[in-house]
Structure formats: C-alpha cells, structure tokens
Amino acid sequence: MGTRNGLSDKLQSVTGIAKKYLTGAANFKQASVATRMGWMAGRTTTEIEDIAYSMLGLLDISMPIYYGEGVKAFMRLQRTLMESSSDESLFAWTTPAKGLTCYRRDDKTPVWAPNSWGLLAPSPDCFSSYRDLVVLPDLYVPRLSGGYKWVQRGIQFEMPMKSGTEVTNFFGLARKEVTLSLNCWRHHDDGKSWNVNLKLRRNGNVYSRVQCDDVVEKRGSRPSNNSVMGFDQVITRPLTIEQPDEIDLERLPMQETQH
C-alpha cells in the first residue's frame, strides 16, 4: 500500500506516464496527443477494437462502437480526433521496433515495417518513443484554410503558395521529396526545442510518407509561416498524403513477443 505521491516514481517507471500527470500536478488533457497515445503503447485488450475504444476518455472524444471492425477502430479513432483537435503530434510516430505489441496473441507479435505509408498509425505502439512531445503556443504556426482535413485519398494540408519552402522550390513548383514540418516539438538537453519533421515523396499528384522508421528533428525550427514580404498569404497549395487501407493482421509476419 502507499499514496499516489509516494508511488509516483515507481508508477512512472512501469506505465511510462510522467509523474506530474499521475500526481495531479498537471491535467492529462494538457498532454499532447502523441504523449497520450504513447501511454497506451504495449497494452493489450481481449478484443482488438478495445485498444481504440479504451482511449475515448483519454482523448476526450466520442464515436460509435462497432465490434468486429478490428484494427479499423484505431484508424477511425484518429480520424474522429482530427475533427476536434489541431494537435499535429498525431502524425509524429515511427514503426515500432518491437512490433505491434498491442495486437499480440499467444505470445506472438505482428511485425509491421512498411517502406511507405500515410500519416495515420495502425497502433498506439508507434508512439512509444514520442511520449515527451509538446505543442508550444509561442512557436505554433497556424495553418491556412483550417489546417488539414480528411479527403477521399487521405489527409490534405493547405500549404502557403510561395516559393522556397519545404513543399515548393524557388520556381513555385512542387518538390518530388518534401519535408512536412509539424507543429510539435521535443525539449533537448541543450535547452532548445527541436521541431518534428516527416519525409514525404510525391507519386503523381499525391504524396506518401517514407522512412517511417524515423522522424527528422530540427533545432529551433517550425513550419513555414504564411506571409510573403510581410503580407499574409491567402492562396494555398493543397498537399495530399495518401492513406493506405488498414493493415491485415492475418498477413503480417509474426515474431516472439519481446519482454
């Protein structure tokens, strides 16, 4: 037995949840989406869908519950969250080294390591290394035209129509390789906040996320602002990142669960 404060160090070590949230010193709803997703990494439930449904209160959202949809539930959870949140740490994740442990069965874990994917992760396991991401109001750059939204083929960002950015070259043409800078940061030991960036590659008129096993962190960086010579841009360039269909657990290779 013990008190919440007295056990907070041990609980932090076991759960991965920072002590300030366990003791009530900070409201868990102030934690970034990536942080809260990371708290669920490695957890298992009897029904696959309950990985997503158990997070509704944690993310302060609601959605209908449909047992039988499998891993689609977690994808639907993220799309529902997009409708009420502008927290871009939702897209800050990497392929988990230990596999999709949330979906392990009979001490076997599905291995998922695609060469390219979309912006939405298949499991909370993908956020296990990003529990310390923050959204900083002082560095946050508002997105144009409402930011991002779900479209038929995936997620569409409205980017500033100006040259010399991560998305367009100095002639204003779309780049083949794009760095998508997100409005989320990680504090480093040097006292600076490092911005999280994703690598994208164009295929026709849509993009895919590549190098899913890594994110690029840039010291003191943030997304491109929306002004040209001091004037706010009102013309935008849509950037669509294609989202593949949900994963098929039955077809994924399996490995012994790493403890």
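The second largest pocket of this predicted model is lined by 14 residues. Lys20, Tyr21, Ala31, Leu133 and Val134 lie nearest its centre. The volume of this second largest pocket is about 240 Å³. By class, its lining divides into 7 nonpolar, 3 polar and 4 charged residues.

The largest pocket holds about 340 Å³ of space. It is lined by 18 residues, and those closest to its centre are Gly42, Lys98, Thr101, Asp125 and Ser128. Here the lining comprises 4 nonpolar, 10 polar and 4 charged residues. Rolling a probe the size of a water molecule over the atoms shows where empty space is left.

The chain as a whole contains 6 helices and 12 strands. It has 259 residues, and 49% of them count as buried. Contacts between residues at least 6 apart in sequence were also examined. Of these, 64% join residues at least 24 apart.

Helix 6 spans residues 72–82. Of its 11 residues, 9 are buried, so the helix is largely enclosed by the rest of the structure. Its buried residues are Ala73, Phe74, Met75, Arg76, Leu77, Gln78, Thr80, Leu81 and Met82. Both Arg76 and Gln78 are thus in the buried set. The buried residues of helix 6 pack against three other helices and two strands. The helices are helix 3 (33–39), helix 4 (50–53) and helix 5 (56–59). The strands are strand 3 (148–151) and strand 4 (154–160). An α-helix has 3.6 residues a turn, so residues three or four places apart point the same way.

Aromatic contacts were examined next. The whole structure contains 7 aromatic pairs. One of these pairs joins Tyr53 and Tyr67. Their ring centres are 5.5 Å apart and their planes stand at 90°, so the pair is edge-to-face. Tyr53 belongs to helix 4, whereas Tyr67 sits in the loop between helix 5 and helix 6. The pair therefore ties together parts that are 14 residues apart in sequence. The two partners differ in exposure: Tyr53 is buried, at 8% relative accessible area, and Tyr67 is exposed, at 52%.

A further pair is formed by Trp93 and Trp112. The ring centres lie 6.0 Å apart and the planes meet at 40°, so this pair is tilted. Trp93 is located in the loop between helix 6 and strand 1 (108–110). Trp112 is located in the loop between strand 1 and strand 2 (116–117). The pair therefore links parts that are 19 residues apart in sequence. Trp93 is buried, with a relative accessible area of 0%. Trp112 is also buried, at 6%. Elsewhere, ring pairs connect Phe91, Tyr148 and Phe157 into a cluster. A pair of aromatic rings is described by the distance of the centres and the angle of the planes.

The count of disulfides is 0. Cys102 is in no disulfide, and the nearest cysteine sulfur, that of Cys126, is 8.9 Å away. A disulfide would need the two sulfur atoms to lie within 2.5 Å. Cys126 is likewise in no disulfide, with the sulfur of Cys102 as its nearest cysteine sulfur. Cys102 counts as buried, at 1% relative accessibility. Cys126 is buried too, with a relative accessible area of 1%.

Backbone angles were considered last. Most residues other than glycine have a negative phi, and most peptide bonds are trans. Asp106 is not a glycine, yet its phi is positive, near 55°. Asp106 lies in the loop between helix 6 and strand 1. At 75% relative accessibility, Asp106 counts as exposed. Gln211 also has a positive phi, of about 55°, although it is not a glycine. Gln211 is found in the loop between strand 7 (206–210) and strand 8 (216–219). At 43% relative accessibility, Gln211 counts as partly exposed.

Definitions and conventions. Residues are numbered from 1 along each chain as its sequence is written. This is a predicted model: local features need pLDDT of at least 70, side-chain atom pairs count only at pLDDT 80 or more; totals for chains, interfaces and linings use all residues. Side-chain values use heavy atoms; hydrogens and water are left out. Buried means under 20% relative accessible area, exposed over 50%, partly exposed in between (1.4 Å probe, protein chains only). Helices (H or I, at least four residues) and strands (E, at least two) are DSSP runs, numbered from the N terminus. Contact means heavy atoms within 4.5 Å. On a 1 Å grid over the protein atoms alone, a cavity is a set of points where a 1.4 Å probe fits but cannot get out, and a pocket is an open set with protein on both sides within 12 Å along at least five of seven lines; lining residues have an atom within 4 Å of a point. Grid points are joined across faces, edges and corners, and a volume is the space filled by probe spheres set on the points. Ala, Val, Leu, Ile, Met, Phe, Trp, Tyr, Cys and Pro count as nonpolar, Asp, Glu, Lys and Arg as charged, and the others, Gly among them, as polar. Rings of Phe, Tyr and Trp (its six-membered ring) pair if their centres lie within 6.5 Å; planes under 30 degrees apart count as stacked, over 60 as edge-to-face and the rest as tilted.
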